[in-house]
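Subject: Structure handover, ligand site

Hello,

Here is the structure for your files. Please open it alongside this note; the findings follow below.

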Amino acid sequence: MLTVAVLISGAGSNLRALLDAAAEPDYPARIVVVGADREADGFAHAEEYGIPAFLVPWVQFATREEWGAELGAQLAVWQPDLVVLSGLMRLLPATLVDEWAPRIINTHPAYLPEFPGAHGVRDALAAGASQTGASVIIVDNGVDSGPILAQERVPVLTGDDEASLHERIKPVERRLLIDVVRRIAIGDLDLNAVASTAP
Ligand code: GRF
């Protein structure tokens, strides 16, 4: 059974989907802990499922490195096989990424390498794109620049605003994430192999 830590900042709808999937008897991964950089609404999903949670408040640390060190200490307690960044709205310090790579993955609401960064949905709309998408990647020390594990296109519709487009992307993101975690768990997706062949 693959053990997973999920890091969030917000509503945690992707976390919720992963928790629901992991509750199915034949799903080969389970979530052992949920962490966040702020008092995230998504903690409610962890509580509902009786999953332990930890908070490492970004605002209480002087530097990214100090915050990341505490985050790393919390993760070390749980020793997950995989760390999933699911809407964590902070860049991790390089020391933490290097410690966990390639066993650390991220979901992104755009078809990477198009529209990386914190405003992937807004940027796709601003660019007038007719399609965008969702991606799951291995985290590296760039901004959404790691090796792509799965991605799928989502059309931009006339009249879309950031909220409506994001709501259409999120179900795709969830489906990709659930499938990627499943494939990692059953050995169908080898993160070391993907990372070592990345350009
Ligand atoms: C997701 O689209 C994620 O990729 C982005 O923020 C959203 C998180 O949503 N960075 P939620 O917290 O899972 O509801």
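The domain bounds used here come from an automatic or database domain assignment. The shell around the ligand draws at least three residues from each of domain 1 (1-100) and domain 2 (107-199).

Two notes on the source. This is a predicted model, where local features need pLDDT of at least 70, side-chain atom pairs count only at pLDDT 80 or more, and totals for chains, interfaces and linings use all residues. Residues are numbered from 1 along each chain as its sequence is written, and side-chain values use heavy atoms, with hydrogens and water left out.

**Who is there**

There are 13 residues around the ligand. G12, S13, H166, K170 and E173 come nearest. A residue is near if one of its heavy atoms lies within 4 Å of the molecule. By class, the shell has three nonpolar, eight polar and two charged residues. Gly counts as polar in that scheme; Ala, Val, Leu, Ile, Met, Phe, Trp, Tyr, Cys and Pro are nonpolar, and Asp, Glu, Lys and Arg are charged.

**Polar contacts**

These are pairs of N or O atoms within 3.5 Å. Each one here involves a ligand oxygen atom.

- E173: a polar side-chain atom at 2.2 Å from the oxygen.
- N14: a backbone N or O atom at 2.9 Å.
- A11: a polar backbone atom at 3.4 Å.

Taken alone, the ligand exposes 370 Å², and the protein buries 89% of that. Areas are Shrake-Rupley values with a 1.4 Å probe.

Best regards

Conventions
A polar contact is a pair of N or O atoms within 3.5 Å; within protein, one must be able to donate a hydrogen and the other to accept it, and residues adjacent in sequence count only if both atoms are side-chain atoms.
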